[in-house]
Amino acid sequence: GGGRRGAVRGVGGRRGRGLGEGGGGRGGVVDGAGGDARGLDLESAAGDAGLLRGPLDHLITRAARLRCFDEALRIARPGGLVVAAAISRWAVLFDGVLRLRLGEGDPAFPSLLDQAIGEGVLTPLTPGGFSAYCHRPNELRAEAENAGLQVVMLEAIEGAGAYLPDLEDRWHDPAARAAILDVARRSAQAP
């Protein structure tokens, strides 16, 4: 660990901003490359920071996610920063149910939600669909700390309000209203 610090941000949906977008006019050089975040082709202490934006979402096992944190720590210089983004356990509710309107009127859909929320593993809803690991805040913190990071910030970026531009219309549809109320009930119980 070496006392390195991390700002861990939990992203609830798809609206996160990348480096260089909206940077307030500040300059800087960001050198990035694609690859497997569990084994990067970079020297140790190669940069001022390590950024994990994406890999924690796509790796289902805890061991694989911990390996990503280990690599980000390895490439950040001592005293450097590691920033991680993860999908919230509630993203399936906010993005899936509220924005994409998945499962409206489908009596089998609540059991799929229960599985995703209970286990954190979002299996594809359609052939070739998106699968992911969705964190609870305490899980993300524990993974970062287990890798040797000192978590200085854990922030939620989005919530249900980002997905309700048509609330009035949806409220008049019984299936849509039931889905909205179900999301409110489930997310109110977030640990």
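This report walks through the nonpolar cores, the cavity and the ring contacts of a predicted model.

## Nonpolar cores

Let's start inside. The largest nonpolar core has 19 residues, and the ones touching the most other members are Val92, Leu93, Phe94, Val97, Leu98, Leu113 and Val183. Three helices, H3 (91-99), H4 and H7 (174-187), each put in at least two residues of this core. Helix H3 gives the most, with six residues.

There's another core too, lying apart from that one. This other core has 18 residues, including Leu59, Ala64, Ala72 and Leu73.

## The cavity

Now for the empty space. Counting those of 30 Å³ or more, you get one cavity. The largest cavity has a volume of about 70 Å³.

What lines it? Look for Val92, Phe109, Leu112, Leu113, Gln115, Ala116, Val121, Leu122, Thr123 and Leu125 around the largest cavity. Helix H4 (109-119) and strand S4 (121-122) each supply at least two residues of this lining, and H4 has the largest share, with five residues. Sorted by class, the lining of the largest cavity comes out as eight nonpolar, two polar and no charged residues.

Two names may ring a bell: Val92 and Leu113 line the largest cavity, and both are also among the residues that touch the most other members of the largest nonpolar core.

## Charges and rings

Which ring has the charged end of Arg65 sitting over it? That's the ring of Tyr133, with the charged end of Arg65 3.7 Å from the ring's centre. Arg177 does something along these lines with Trp171: its charged end sits over the Trp171 ring, 5.8 Å from the centre.

As for rings pairing with each other, the count of aromatic pairs is zero.

How values were computed. Residues are numbered from 1 along each chain as its sequence is written. This is a predicted model: local features need pLDDT of at least 70, side-chain atom pairs count only at pLDDT 80 or more; totals for chains, interfaces and linings use all residues. Side-chain values use heavy atoms; hydrogens and water are left out. Rings of Phe, Tyr and Trp (its six-membered ring) pair if their centres lie within 6.5 Å; planes under 30 degrees apart count as stacked, over 60 as edge-to-face and the rest as tilted. A charge sits over a ring if NZ of Lys or CZ of Arg is within 6 Å of the ring centre and within 35 degrees of the ring normal. On a 1 Å grid over the protein atoms alone, a cavity is a set of points where a 1.4 Å probe fits but cannot get out, and a pocket is an open set with protein on both sides within 12 Å along at least five of seven lines; lining residues have an atom within 4 Å of a point. Grid points are joined across faces, edges and corners, and a volume is the space filled by probe spheres set on the points. Helices (H or I, at least four residues) and strands (E, at least two) are DSSP runs, numbered from the N terminus. Ala, Val, Leu, Ile, Met, Phe, Trp, Tyr, Cys and Pro count as nonpolar, Asp, Glu, Lys and Arg as charged, and the others, Gly among them, as polar. A nonpolar core is a set of buried Ala, Val, Leu, Ile, Met, Phe, Trp, Tyr and Cys residues joined through side-chain atoms within 4.5 Å. Buried means under 20% relative accessible area, exposed over 50%, partly exposed in between (1.4 Å probe, protein chains only).
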